[in-house]
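Subject: Structure handover

Hello,

Here is the structure we talked about. Please open it and keep it beside you as you read.

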Amino acid sequence: MRATCWEAPRHVAVENVPDPEILNSNDAIVKITSTAICGSDLHLYNGFMPTMEKGDILGHEFMGEVVEVGKTVKNLKVGDRVVVPFPIACGQCWNCQHEMWSLCENSNPNAWMQEKMLGHHCSGVFGYSHLLGGYAGGQAEFARVPFADVGPLKVPEGLTDDQVLFLTDIFPTGYMGAEMCDIAPGDTIAVWGCGPVGQFAIASARLLGAERVIAIDRFPHRLQMAREKAGADVTINYEETNALEALKELTGGVGPDGCIDAVGLESHAPGIEGWYDKAKQSMRWENDRPIALRHAIMSCRNGRTVSVIGVYSGFIDKFPMGALMNRSLTIKSGQCHVHRYMKPLLQHIINGDIDPSFVITHRMSLDDAPVGYDIFNKKQDECMKVVLTPH
Amino acid sequence: MASQQRIAGLGTEVRSDRAVPARAGTRATSFADREVKPAPWHSSDFVASEKDSVTNFLGWFSIGLGLAEVFAPQAVARLIGLKEDEHTTLLRAYGVRELAAGVGILTRPKPTYWMWNRVIGDAVDLKSIRNAMEAEGNDRAKLKLAALAVAGVAALDVVSSMRLTSEASPAAGKDPGSYKTADTDTDSVIAAVVTVNKPVEEVYNFWKDPRNYAEFMDQMESVHPTTGGRSHWKVKAPPGLSVEWDAQVVQDIPNQLIRWTSVDSTNIDSTGTVRFRTAPGNRGTIVSLDVEYKPKGGPLGAKIGKLFATMPKTQMQNDLRRMKQLIELGEVVKSDATAVPGMHPAQPPSAKELEARP
């Protein structure tokens with residue numbers, strides 16, 4: 001089959017690789033109809049996530065048709081149309097049984113690697129380095145989906161791929177980011193990063209009843225989408241104004257009630273702070289550039305919550321612990337427990353509360369994946385979300 | 001009294017009927033019974049002052065030399081072969097340095113800093129003597145003797161300083177009441193632990209059948225039960241090398257512990273103990289395994305012993321993780337990269353690669 005493979009930093013190629021086979025009894029093989037490039041794939045693309053190897057198949061946002069099932073699979077049959085959550089979760093361990101799916105205790109065969117870096121390990125993830133299990137990803141013609149009875153969600157008749165594809169990752173991730181802010185009526189929520197996850201964090205804060213949503217980014221087209229499509233009331237372009245001061249002015253001096261970091265480890269800032277982290281990261285003196293995280297903490301209203309859904313890989317520098325401790329802030333974080341949110345969010349889509357397809361800006365065939373990565377990474381052509389069709 | 005607690009991220013209320021204050025009270029009482037000590041005013045009060053004799057000697061040596069250099073610099077100069085009138089100021093300065101080091105060494109509970117200070121002083125002294133030997137009018141023979149004397153003391157200084165540096169804090173090893181992990185450098189025991197989300201009976205029954213062991217122990221080719229609580233263990237070994245033994249169950253307490261030891265083995269003695277207990281809050285069963293390998297004599301035994309001695313804890317941890325998967329899921333979980341041995345990219349293994357796997 002054809003699959004998008006990581007070759008080296010900033011180099012992906014569509015190659016011929018073996019077709020997937022059933023390896024575990026609860027596997028299903030899915031013929032992929034739609035798959036997307038995620039902002040977090042760019043961290044792999046740019047070489048910031050360790051343990052990538054030449055030939056690794058990328059992609060963790062995919063959906064398609066079941067073409068084969070393992071002998072213990074009960075919930076799915078050949079021909080079912082499914083969306084697949086990006087974390088691989090067994091459903092039987094303590095964490096899965098307590099709805100912490102991205103912390104599955106059994107799905108990462110390379111757990112020991114993560115334990116060395118993170119203390120404890122997380123679940124496996126499709127197409128996201130050997131550290132996260134070494135699973136082939138879904139930017140391909142076919143994918144093997146382990147724990148087919150646990151993860152995949154059957155798509156009801158009448159919904160298009162575009163409407164449900166983002167249940168795999170970015171919609172639930174944005175939603176969990178908003179949910180972690182414990183939004184109460186009257187709350188103002190600020191979202192750093194207006195990429196696709198940020199757009200869904202904004203839209204979800206709206207769904208969860210935030211009174212006001214403020215969006216922060218540096219690209220005018222993203223901020224425009226935040227205002228016009230996702231439902232932000234105010235947007236701030238941090239390259240044109242001091243975002244921290246603007247947030248104080250917009251919130252009567254107290255700061256937003258919830259601050260969502262939807263940026264992660266490749267954050268930018270004008271001036272000295274941006275250069276400082278860029279230099280440290282390029283010399284491997286810190287893994288991640290935590291600029292948006294610092295700003296989210298510094299802006300947050302006393303006693304409220306900073307919610308981190310942008311991806312971080314390891315160690316960061318100049319973390320404002322004093323602000324966190326002295327101002328009674330809470331920090332909440334996590335890889336999204338997608339399984340928890342798929343059904344309720346599908347219901348929102350069916351109800352017409354939201355149509356997630358608004359983030360799509362580019363459509364390509366699978367063979368053009370390298371072009372998709374390139375323009376998305378360079379933010380060219382107002383690229384926001386690339387959807388690939390393999391067949 | 002019921003207390004309520006919300007587990008982060010779960011959205012479920014957990015009710016507990018335990019009265020929290022009563023528990024805190026129990027603890028306070030037990031501490032109140034203890035003898036009350038006066039508040040220490042300096043950290044050294046915690047430390048038994050047990051300096052070794054060499055360090056003490058070097059401290060007094062510093063004092064003696066320092067006094068001589070400060071109060072009788074001419075006599076010192078004469079002794080080591082310098083022109084008496086030229087170096088008095090420098091010698092007095094060196095004397096002050098020696099006195100400071102001496103006082104530091106004798107008064108500090110752990111004079112690591114001051115001992116290294118002496119080492120640096122020795123280096124300065126040797127350099128000064130070398131300079132003096134190149135200058136006109138000094139007695140080279142005497143200077144040579146002085147250099148030898150300094151070098152001898154310097155050797156003592158270095159040894160003593162390095163010992164002080166490598167020594168753990170003086171309080172180390174004095175807390176038998178606290179939990180410690182096995183020392184992998186000195187103990188020949190490898191230990192690992194995992195929590196399985198099943199009742200203790202189910203986990204114990206899994207371990208009762210030795211046929212299950214090779215399913216998760218990466219190094220085992222097969223483990224077969226024989227008779228009378230015995231089993232035959234065969235290690236995956238390179239061709240030509242066969243490592244196998246019989247093991248006898250020596251202790252078996254249902255739902256708590258199984259211990260086995262190797263018998264009639266030619267190369268290796270091993271004892272393994274697996275313990276089971278219900279995790280706090282009934283959150284599954286904690287399984288802890290420790291295995292001790294003792295190679296028997298002979299070159300082969302030594303070779304095999306080395307193989308096992310370097311078996312990392314990580315490998316045993318991975319064994320237990322596979323055991324957890326077998327009990328919770330009925331099979332070992334495979335990713336595309338880990339389904340076949342060796343390094344493999346995260347793409348489906350080919351039919352050929354899958355056939356070749358053991």
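Start with chain B. Among contacts between residues at least 6 apart in sequence, what percentage join residues at least 24 apart? In chain B, the figure is 49%. Keep in mind that this is a predicted model.

Now the make-up of chain B. The chain has 11 helices and 9 strands. It has 358 residues, and 25% of them count as buried.

Next, look at where the two chains meet. On the chain B side, 28 residues are in contact, and on the chain A side, 37 residues. Which helix of chain B gives the most to the side that touches chain A? That is helix H10, residues 313–329, with 8 residues. The side of chain B that touches chain A is mixed by class: 10 residues are nonpolar, 11 are polar and 7 are charged.

Now turn to chain A. The domain assignment splits this chain in two. Domain 1 is written as 2–169 + 336–389, so to speak in two pieces. Domain 2 covers 171–333. The C-alpha centres of these two domains of chain A lie 25 Å apart.

The two domains of chain A also touch. Domain 1 brings 26 residues to the contact, and domain 2 brings 22. On the domain 1 side, helix H1 (39–45) and helix H12 of chain A each supply at least two residues. H12(A) gives the most to that side, with 5 residues. By class, the domain 1 side holds 15 nonpolar, 6 polar and 5 charged residues.

Stay with H12(A), and find helix H5 of chain A too. H5 runs over residues 170–179 and H12 over residues 338–351. How do the two helices of chain A cross? Their axes come within 9 Å, at roughly 100°. Angles of 65 to 115 degrees count as roughly perpendicular, so H5(A) is roughly perpendicular to H12(A).

Which residues meet there? From H5(A) come Phe171(A), Pro172(A), Tyr175(A) and Met176(A). From H12(A) come Val338(A), Tyr341(A), Met342(A) and Leu345(A). Sorted by class, this contact has 8 nonpolar residues, no polar ones and no charged ones.

Try finding those residues of H5(A) and H12(A) on your screen. Then go back to helix H10 of chain B, on the side that touches chain A.

Best wishes

Technical notes. Residues are numbered from 1 along each chain as its sequence is written. Chains are lettered from A and ligands numbered from 1 in the order in which they are written. This is a predicted model: local features need pLDDT of at least 70, side-chain atom pairs count only at pLDDT 80 or more; totals for chains, interfaces and linings use all residues. Two residues are in contact if their C-beta atoms, placed from the backbone, lie within 7 Å. Helices (H or I, at least four residues) and strands (E, at least two) are DSSP runs, numbered from the N terminus. Ala, Val, Leu, Ile, Met, Phe, Trp, Tyr, Cys and Pro count as nonpolar, Asp, Glu, Lys and Arg as charged, and the others, Gly among them, as polar. A residue is buried if 20 or more other C-beta atoms lie within 10 Å of its own, exposed if 12 or fewer, and partly exposed in between; C-beta atoms are placed from the backbone. Axes are lines fitted to C-alpha atoms, for helices over the stretch in contact, and angles run from 0 to 180 degrees between N-to-C directions. Angles under 35 degrees count as roughly parallel, over 145 as roughly antiparallel, 65 to 115 as roughly perpendicular and the rest as oblique. Domain bounds come from an automatic or database domain assignment.
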